[in-house]
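User: I'd like a close look at one spot in this protein, and then a walk outward to the rest of it. Keep it relaxed, but give me the cut-offs.

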Amino acid sequence: MDSTWDWKRYSAKVDVEAQRRPRMSFSSIRYLILTIYRRLFSLIYCANAIAFIIIMIRSQQNLLAFVNAAGINLLVCGLARHPLVVNAIFRSICRIPQSAPLALRRRAAEAYQYGGVHSGCGVAALLWYTGLVGLISKEYWLNGDSGTITAPVVVISYVLLVDLITIIAVAYPTFRAKIHNYFELIHRFGGWLAVALFLTLLLVFSDQARHSQGLSLGQYLIKLPAFWFVLVIIASIVHPWLLLRRVQVLPEHLSSHAVRLQFDHTSTAFGKVLALSNHPLKDWHSFATFPNPDGTSFSCIVSKAGDWTTRCIDQKPTQLWKRGVLMYGFIHVMRVFRRVVVVATGSGMGPCISFLSEKHRPQLRILWQTRDPNKTYGPDVLSLVHQLDPNPLLIDTTTSGRVDMVPIIQELAREIDAEAVCVISNPPLTKQVVFELKESGLLAFGPIFDS
């Protein structure tokens with residue numbers, strides 16, 4: 001059918017100059033190291049480190065300063081991942097009109113790197129808490145079990161310190177990528193334990209400290225900012241689980257490599273993702289959604305990429321658990337541009353089909369490299385792709401093998417004078433293609449490990 005594209009014939013149009021991709025000075029530092037994610041992380045951590053040093057020099061005996069600082073960082077760390085907060089971030093930043101200056105829209109499109117706030121505050125909280133434990137230990141070992149620093153306070157503080165170190169250690173990208181399921185379980189249950197221990201520490205510490213001020217426990221806690229921080233953290237944790245539901249699923253077998261799951265329990269919007277699981281307390285997996293032609297339901301494509309997705313394709317579940325509300329994902333930032341080249345491999349086309357939900361979507365040119373698209377994903381999915389771009393460029397890897405897409409992307413970008421390139425593939429290829437495009441002077445974006 002027409003959707004199978006003869007890439008060799010098109011490659012003759014590619015400008016030789018485009019294939020040279022001259023290297024830019026310090027491009028690796030600029031585009032691989034000094035990312036917005038790392039800048040946010042560094043800004044937050046360095047600001048906390050400076051404040052930490054100042055307080056240590058001026059009033060290191062003020063334990064409450066360390067308690068409150070650790071509490072506010074834990075609060076921001078948690079809220080930065082809450083679905084309602086994430087949706088608010090995308091709604092506020094990505095509502096910039098397409099008529100705004102490109103420089104402004106370019107910055108707005110970096111909104112998906114908000115994870116730097118989450119990780120920066122998490123590590124900063126550990127810094128403050130380590131300082132707190134150090135002061136607690138110093139006071140206890142010098143003055144013994146007396147005053148506000150008692151044996152229970154010391155024990156709880158050390159257990160919490162170990163828990164925080166474990167949470168941050170497993171979140172390191174290398175561990176997270178290799179053993180993602182264990183990371184998720186440790187991050188979730190370890191986080192819950194950290195909040196419980198922090199609250200317990202506050203209660204035990206406050207119960208001892210209140211006597212010196214002649215206050216009841218309630219009166220003391222009301223005046224303690226960290227106590228209110230913990231209450232908000234608990235509310236943010238509980239909220240998504242209050243929306244836990246087991247929803248009906250209509251599975252559509254596409255091939256041995258992919259399945260399309262259809263839902264009608266709610267509606268979707270451009271760039272939203274749905275978290276699914278077979279069991280509420282086990283591993284959760286997020287998938288980009290796109291609207292169905294009927295306008296009342298939506299779908300997501302599950303492609304074989306691991307144990308869970310393989311079972312999903314083989315077993316074709318009719319019921320799955322969903323948690324919280326649908327959350328905006330990376331591709332939502334593309335709404336700020338007027339002309340976009342969309343590049344995908346395999347099931348990466350799923351998020352791209354979400355453009356159908358955008359009323360004022362940009363002009364699109366699509367490049368999709370995948371194995372036998374018609375056989376693997378079916379004519380219905382191809383029909384949706386053609387709604388976005390009547391003449392998409394499809395590379396069938398079963399006949400042509402994998403090809404270097406960068407020169408082709410550059411040619412497509414020149415054809416429509418594209419303002420941006422959106423790349424969705426596996427993490428290594430996404431990182432490589434985005435880097436090469438940026439290096440050649442094109443504005444390119446792709447999801448990162450923490451987006």
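Leaving out residues up to four places away in sequence, which residues does N48 touch?

Analyst: N48 touches N73, A124, L127 and W128 once residues up to four places away in sequence are set aside; contact here means heavy atoms within 4.5 Å. Before going on, note that this is a predicted model, where local features need pLDDT of at least 70, side-chain atom pairs count only at pLDDT 80 or more, and totals for chains, interfaces and linings use all residues. Numbering starts from 1 along each chain as its sequence is written, and side-chain values use heavy atoms, with hydrogens and water left out.

Back to N48 itself. This residue sits in helix α4, which covers residues 36-59. Helices are DSSP runs of H or I with at least four residues, strands are E runs of at least two, and both are numbered from the N terminus. With a relative accessibility of 13%, N48 counts as buried. The scale goes like this: buried is under 20% relative accessible area, exposed is over 50%, and partly exposed falls in between, using a 1.4 Å probe and protein chains only.

What does the side chain of N48 do in there? One partner is W128, whose side chain is joined to that of N48 by a polar contact of 2.8 Å. The N48 side chain also reaches the backbone oxygen of I44, at 2.8 Å. A polar contact is a pair of N or O atoms within 3.5 Å; within protein, one must be able to donate a hydrogen and the other to accept it, and residues adjacent in sequence count only if both atoms are side-chain atoms.

Now for the wider picture. The protein has 451 residues, and buried ones make up 51% of them. Its secondary structure adds up to 19 helices and 14 strands. The C-alpha trace spans about 80 × 55 × 40 Å along its principal axes. Of the contacts with a separation of 6 or more, 74% are between residues 24 or more positions apart.

Next, a sheet. Four strands make an open one, in the order β2-β3-β7-β6, with antiparallel pairing. The edge strands are β2 (250-255) and β6 (290-291); each has a single partner strand, so one side of each is left without a neighbour in the sheet. Two strands count as paired if DSSP finds at least two bridges between them.

In this sheet, β3 (residues 258-263) is joined to β2 by five bridges, running antiparallel, and to β7 by six bridges, also antiparallel. A hairpin of two residues links β2 to β3. On the β2 side, S255 has A258 as its bridge partner, and P251 stands opposite L261. On the β7 side, F263 stands opposite F298.

How covered is β3? Six of its six residues are buried. A258, R260 and Q262 point one way, while V259, L261 and F263 point the other way, and all of them are buried.

K304 ties in here too. This lysine lies in the loop between β7 (298-303) and α14 (307-315), and is partly exposed at 37% relative accessible area. Its C-alpha atom is separated by 6.2 Å from that of A258, although the two are 46 residues apart along the chain. A polar atom of the K304 side chain lies 3.2 Å from the backbone oxygen of S256. S256 is also among the residues that K304 touches beyond four places in sequence; the others are H257, T309, T310 and I313.

Two more loop residues are worth a glance. S425 lies between β13 (420-424) and α19 (427-439), and its relative accessibility of 18% makes it buried. The side chains of S425 and T345 share a polar contact of 2.5 Å. Apart from neighbours within four places in sequence, S425 is in contact with T345 and T430.

H211 is in the loop between α11 (180-209) and α12 (217-222). At 52% relative accessible area, H211 is exposed. The C-alpha atoms of H211 and T148 are separated by 9.2 Å, with their positions 63 residues apart along the chain.
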